[in-house]
Amino acid sequence: MIEALPPELLRIVVSVLIVIAFAFANSAIMVLVERKVCGHIQRRPGPFEVGPHGLLQTAVDGLKLMGKQLLVPAKADRKLFLLAPILSFVPPIAALIVVPFSPSSQVRDLDIGVLFIMALAAINVLAIVVAGWSSANKYSLFGAIRAVAQNVGYEIPLLVSLVTIVLWVGSFKMSDIVAAQSDLWFVFTPMGFVAFVIYFIAGMAETNRAPFDLPEAESELTAGFHTEYSGMGFGLFFLGEYTNMVLVASIATTLFLGGWHGPFFDLPYTGLLWFLAKAYGLLVIMIWIRWTFPRTRFDQLLNFCWKVLIPFSLVNLAVTALWLKL
Amino acid sequence: MSQYFKEIFGGLWSLLVGMRLTLRYALMPTVTVHYPFETLPISPNFRGHIDLTMHPETGESTCISCGMCERACPSQCIVVRSEKPEGSKKKVLVGYDLDFTKCSLCGNCVEVCPTDALEFSQEYQLAGFSRHDFHFELVGRLQARAAKLGLAPRAPVPAEQPAPT
């Protein structure tokens with residue numbers, strides 16, 4: 001039976017299954033880490049009762065979400081309403097395919113790796129718009145409108161800062177970018193550092209994380225674009241958000257923090273460990289930022305993007321280009 | 001122009017200061033009391049529902065069944081049940097019913113009691129499935145408390161029998 005299948009097909013199926021499992025496991029772990037970190041920042045222990053130190057809390061929460069009824073509001077556009085969670089959940093998982101976790105564990109090393117990721121990450125906004133529009137709820141629609149305005153702005157510094165690195169390496173291929181950092185990680189070069197900071201800020205805005213979580217600002221919009229979603233509809237948005245976070249962290253790790261390279265030396269099989277350590281370090285910093293700062297006002301958000309991030313990233317790109325030419 | 005850069009770097013610095021603060025808090029021990037497993041000591045001034053004061057030696061109530069509390073109660077939530085055994089000069093308290101669903105915790109009963117037979121209890125874990133769970137019988141509660149302390153259970157009706165004639 002197995003011999004009859006082309007090995008390449010088998011490889012793809014298995015690796016896609018692994019990627020999906022990784023996305024689910026990552027979300028479960030990140031939700032717990034987030035709640036634990038936020039708890040300790042506020043000097044409380046976070047979830048504590050389910051399992052030792054609350055370790056099983058997310059498993060129980062996940063079960064609860066799956067058991068809930070998926071309600072579709074009467075006036076909602078039913079097809080779009082049901083499509084939106086899938087649309088928010090699939091692209092980040094698909095983008096994980098090109099992430100080089102270690103020299104040997106990358107599903108596909110596409111020649112257009114960076115471009116592929118950016119294209120898929122942009123679909124996230126579409127999912128939010130579809131969700132907000134089809135819910136037939138003014139808060140959802142407001143959330144969607146904000147998401148569009150925010151993402152249109154923040155996509156530019158995000159891409160420009162990535163282009164800086166691509167320009168440097170001369171390739172969109174993830175493995176080439178990692179290989180170029182075997183001696184010096186880009187974050188330790190002045191241009192790379194600026195690009196990294198800009199990418200990190202814009203990435204947080206892209207994933208709608210606090211302090212840039214205006215599309216789902218609880219205090220103004222109840223839950224923003226996913227107000228009307230219940231059960232696994234909401235669960236998939238959540239999974240999508242956390243997968244997007246890990247994607248942003250993985251791209252930052254790959255492009256700026258040397259990917260699977262360790263800081264001093266590389267042992268044969270430590271690549272994956274280094275990669276995950278860096279990516280999850282970035283994720284913890286994202287959580288730390290979220291629980292430190294209040295939500296920005298919308299005009300501040302856009303001003304910051306158009307007046308600070310975009311000029312800085314463009315100047316950074318120009319300087320990099322000049323430096324490479326000289 | 002210099003204002004522009006000053007704003008950016010000043011803002012960035014303030015962000016870092018904020019993050020240092022939350023990091024410091026994150027590393028401090030938590031202050032949560034894991035409630036059902038741990039509880040905080042209750043202030044002696046805590047005013048819960050009323051309870052009969054226990055005489056420290058006999059374990060009995062000092063109530064003389066005068067009914068002042070019953071009259072002072074603005075919510076009519078107290079009923080003092082007493083009887084006067086034949087030949088006895090004093091009334092004997094047989095039951096003290098408190099309808100806690102009506103009580104407003106004003107404390108008039110405690111104030112007015114001539115023998116200081118009433119006190120506020122320290123009980124705060126009062127949740128029930130039915131309103132009847134809040135109809136307390138205070139004599140029974142007093143006896144239970146006395147039994148817990150190992151004091152002699154209340155003697156059944158004063159022994160002073162009328163002398164046979």
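Which elements cover the buried residues of α10(A)? In this predicted model, the cover includes three helices of chain A, namely α1 (7-41), α7 (190-206) and α9 (231-255), together with α1 (2-27) of chain B, and the paragraphs below lead up to that helix by way of the chain that holds it.

Chain A has a secondary structure of 11 helices and 0 strands, so that its elements, read from the N terminus on, run α-α-α-α-α-α-α-α-α-α-α. Its radius of gyration is 20 Å, close to the 20 Å that the globule rule gives for 326 residues, and chain A is therefore as compact as a globular protein of that length. Along the principal axes, the C-alpha trace of chain A spans about 60 × 60 × 45 Å. Of the 326 residues in this chain, 44% are buried, and among its contacts with a separation of 6 or more, 79% are between residues that stand 24 or more positions apart.

Helix α10 of chain A, residues 271-290, can be checked against a simple expectation: at 1.5 Å a residue its 20 residues should span 28 Å, and the end C-alpha atoms are 29 Å apart, which agrees. The buried residues of α10(A) include A:Trp274, A:Phe275, A:Leu282, A:Leu283, A:Met286, A:Ile287 and A:Ile289, and A:Gly271, A:Lys278 and A:Ala279 belong to the buried set as well. What covers them includes, besides helices of chain A, α1 of chain B, which leads on to the contact between the chains.

That contact takes 13 residues from chain A and 12 residues from chain B. Sorted by class, the side of chain B that touches chain A has 7 nonpolar and 5 polar residues, with no charged residues.

Two loop residues deserve a look at their backbone angles. In chain A, A:Asn208 lies in the loop between α7 and α8 (218-221), and its phi is near 60 degrees, a positive value in a residue other than glycine. Is A:Asn208 buried or exposed? With 25 other C-beta atoms within 10 Å, where 20 or more are needed, A:Asn208 is buried. In chain B, B:Leu105 is found in the loop between β3 (92-99) and α3 (108-112), and the phi of B:Leu105 is likewise near 60 degrees, a positive value in a residue other than glycine. B:Leu105, however, has 11 C-beta neighbours inside 10 Å and therefore counts as exposed, the cut-off for that class being 12 or fewer.

Terms used: Residues are numbered from 1 along each chain as its sequence is written. Chains are lettered from A and ligands numbered from 1 in the order in which they are written. This is a predicted model: local features need pLDDT of at least 70, side-chain atom pairs count only at pLDDT 80 or more; totals for chains, interfaces and linings use all residues. Helices (H or I, at least four residues) and strands (E, at least two) are DSSP runs, numbered from the N terminus. The expected span of a helix is 1.5 Å times one less than its number of residues. Two residues are in contact if their C-beta atoms, placed from the backbone, lie within 7 Å. Ala, Val, Leu, Ile, Met, Phe, Trp, Tyr, Cys and Pro count as nonpolar, Asp, Glu, Lys and Arg as charged, and the others, Gly among them, as polar. The radius of gyration is taken over C-alpha atoms; the globule rule is 2.2 Å times the number of residues to the power 0.38.
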